[in-house]
Amino acid sequence: MDSGLYLLFHRLAPFVQRHNSGYRATWLPAAEALRVLDVGGQPPERLHDAVLLDCTPDLTPRFALDTASCANKGALEAALDGSFMKMRSAFFLLSGKDAHMLSKGQALLRWHGDHRFSGRSGRLSLRDASGSKRTCPDTGHVQYPQMAPVVIVLVVDGDRCLLARKDIHPPGMYSTIAGFCDIGENVDMAVRREVAEEVGVTVSSLNFVFSQHWPFPSSSMMLACHAVAEEGHTEQISVDTTELEDARWFSRDEVHSAFSRPVPPEALSGWAVSSPEESSQAAPGDVPFWVPPKWTVAHWLIREWIQVPKLGLMSR
Ligand SMILES: NC(=O)C1=CN([C@@H]2O[C@H](COP(=O)(O)OP(=O)(O)OC[C@H]3O[C@@H](n4cnc5c(N)ncnc54)[C@H](OP(=O)(O)O)[C@@H]3O)[C@@H](O)[C@H]2O)C=CC1
Ligand SMILES: [Mg+2]
C-alpha cells in the first residue's frame with residue numbers, strides 16, 4: 001500500500017478541489033497521503049486502513065482512506081489546498097466519473113465503520129488486506145459489503161411524466177419515484193407498491209432498463225424502470241407527504257426545457273460549504289424546475305423518455 005493512488009475522506013466527507021468553474025476529486029500519490037497523515041499527527045501505518053477500489057489499466061492500485069483519526073480537519077484542508085465536502089453536496093458538483101469513485105469509496109469505508117463487530121460473536125472482526133470482507137475471529141463467519149436494492153421508476157401517461165421532490169432536494173429539482181425493496185419482493189412488485197404508496201397511481205406495465213450503484217443512505221443498488229400509468233387512474237395523485245414534498249405530472253415540453261437550461265445557480269448556492277439542510281436558502285417555488293445531474297439514473301430515465309417517445313409504452 002505504500003504505492004498507488006488515494007482518495008481521501010474525513011468522516012466520510014470526500015476531499016475535493018476547485019477545478020475550472022467546478023470541483024474535482026483528487027487522486028493523491030502514496031507519498032502525499034503519508035504527508036497528510038503526518039500533518040494530522042497520525043503514524044504512517046494508518047495508510048493500511050485504506051480500502052482497495054480498483055486498478056488502473058497500468059496496474060496502479062487505487063484506494064480510499066478516511067482521515068477521521070486526524071482531529072484537525074482544517075489543518076488537512078490547508079495542507080492539501082481543498083476541502084472535505086458533504087457527499088450530497090459533492091454529488092451535485094462533480095463529474096460522473098469522480099462521483100462514481102467517491103461513491104464506491106465512501107460506501108466501502110462506511111460499511112467497515114458500521115460492521116466492526118461480528119454479528120455472530122460480538123467480537124471485533126478482522127478485515128482482509130484489501131478491505132473486501134471481514135471475518136469473525138471466533139466463528140470464522142465472513143461478512144461482505146452489501147447494497148440495498150432500490151427501485152426507481154419513471155411513470156408516464158402519454159405525453160407527460162410523473163416527477164416528485166423531497167424536502168432534502170435542492171430547490172426546484174424534481175426526480176423520479178424511488179423506494180427500497182422489501183424482503184421477498186421482486187422489482188415488479190416493489191415498483192407497483194412504491195408508486196401506489198407514494199403517489200396513489202396504479203402502474204399497468206413496466207420495463208427494467210438499467211442500474212446504478214448509489215451511496216445514499218448507505219449503499220444502494222438502483223434498479224431503474226420505465227412504467228406506464230393505468231388509464232383512468234392518472235388525474236388524482238395522492239402524494240404521501242411523510243415521504244415527498246410534492247409530486248406532479250410534467251409535460252414533455254416542460255421536461256425538454258429543463259434539459260436545455262443549466263442548473264439554476266441559486267439552486268446550488270451554498271451547497272459547496274456545508275450540508276444542504278443548512279445551506280439551501282431558496283424556496284422551491286423561486287427556482288425553475290430542473291432534473292437530477294446527468295450521471296444519475298433518474299436523469300437517464302427521464303432523458304431516455306424524452307429521446308425515445310414510445311419507450312414508456314413498451315410492455316414486458
Ligand atoms: N440515483 C438516482 O437517480 C436517485 C436515487 N434515489 C435514492 O433512492 C433511495 C431510496 O429512495 P427513498 O425515496 O428514500 O426510499 P423509500 O421510498 O423506500 O423511503 C425511505 C424510507 O424507507 C424505509 N426503508 C426501508 N428499507 C430501508 C433501507 N434498506 N435503508 C433505508 N431506509 C429504508 C425508511 O423508513 P423508516 O425511516 O420509517 O424506517 C426510509 O425512511 C434514496 O437513497 C435516494 O437517494 C432517489 C431518486 C433518484
Ligand atoms: Mg421514496
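**Exercises on a predicted model**

Cys-181 is buried, its relative accessible area being 18%, where buried means under 20%, exposed over 50% and partly exposed in between, calculated with a 1.4 Å probe on protein chains only. This is a predicted model, in which local features need pLDDT of at least 70 and side-chain atom pairs count only at pLDDT 80 or more, while totals for chains, interfaces and linings use all residues, and side-chain values use heavy atoms, with hydrogens and water left out. Residues are numbered from 1 along each chain as its sequence is written, and chains are lettered from A and ligands numbered from 1 in the order in which they are written.

**Exercise 1.** Determine how many disulfides the whole structure holds, and place Cys-181 in that result.

Step 1. With a disulfide taken as a pair of cysteine sulfur atoms within 2.5 Å, the search of the whole structure returns 0. Step 2. Cys-181 is accordingly in no disulfide, and the nearest cysteine sulfur, which belongs to Cys-225, is 9.1 Å away. Step 3. Cys-55 can be added for its accessibility, since it is partly exposed at a relative accessible area of 44%.

**Exercise 2.** Identify the protein donors of the magnesium ion (ligand 2) and describe where they come from in the chain.

Step 1. Donors are N, O and S atoms within 2.8 Å of the metal (3.2 Å for Na, K and Ca), and because water is not among the atoms, sites may look incomplete. Step 2. The protein donors of this ion are Ala-178, through O, and Glu-198 and Glu-243, each through OE, at 2.1 to 2.4 Å from the ion. Step 3. Their spacing in sequence reads A-x19-E-x44-E. Step 4. Ala-178 belongs to strand 13 (residues 177–180) and Glu-198 to helix 5 (residues 187–199), so that this pair, 20 residues apart, links distant parts of the chain, helices (H or I, at least four residues) and strands (E, at least two) being DSSP runs numbered from the N terminus. Step 5. Ala-178 is partly exposed at 26% relative accessible area, whereas Glu-198 is buried at 3%.

**Exercise 3.** Find the salt-bridge partner of Glu-243, and then trace the network that contains Arg-193.

Step 1. A salt bridge is a side-chain nitrogen of Lys or Arg within 4 Å of a carboxyl oxygen of Asp or Glu, and the count by this rule is 14. Step 2. Glu-243 pairs with Lys-166, with 3.0 Å between the closest N and O atoms. Step 3. Glu-243 sits in the loop between strand 15 (220–229) and strand 16 (246–251), and Lys-166 in the loop between strand 12 (160–165) and strand 13, so the pair ties together parts 77 residues apart in sequence. Step 4. Glu-243 is partly exposed at 29%, and Lys-166 is likewise partly exposed at 28%. Step 5. Arg-193 bridges to Glu-185, the closest N and O atoms being 2.5 Å apart, and also to Glu-194, at 3.0 Å. Step 6. Salt bridges with shared partners join Asp-182, Glu-185, Arg-193, Glu-194 and Glu-197 into one network. Step 7. Within it, Arg-193 is buried at 18% relative accessible area, and Glu-194 is buried at 8%.
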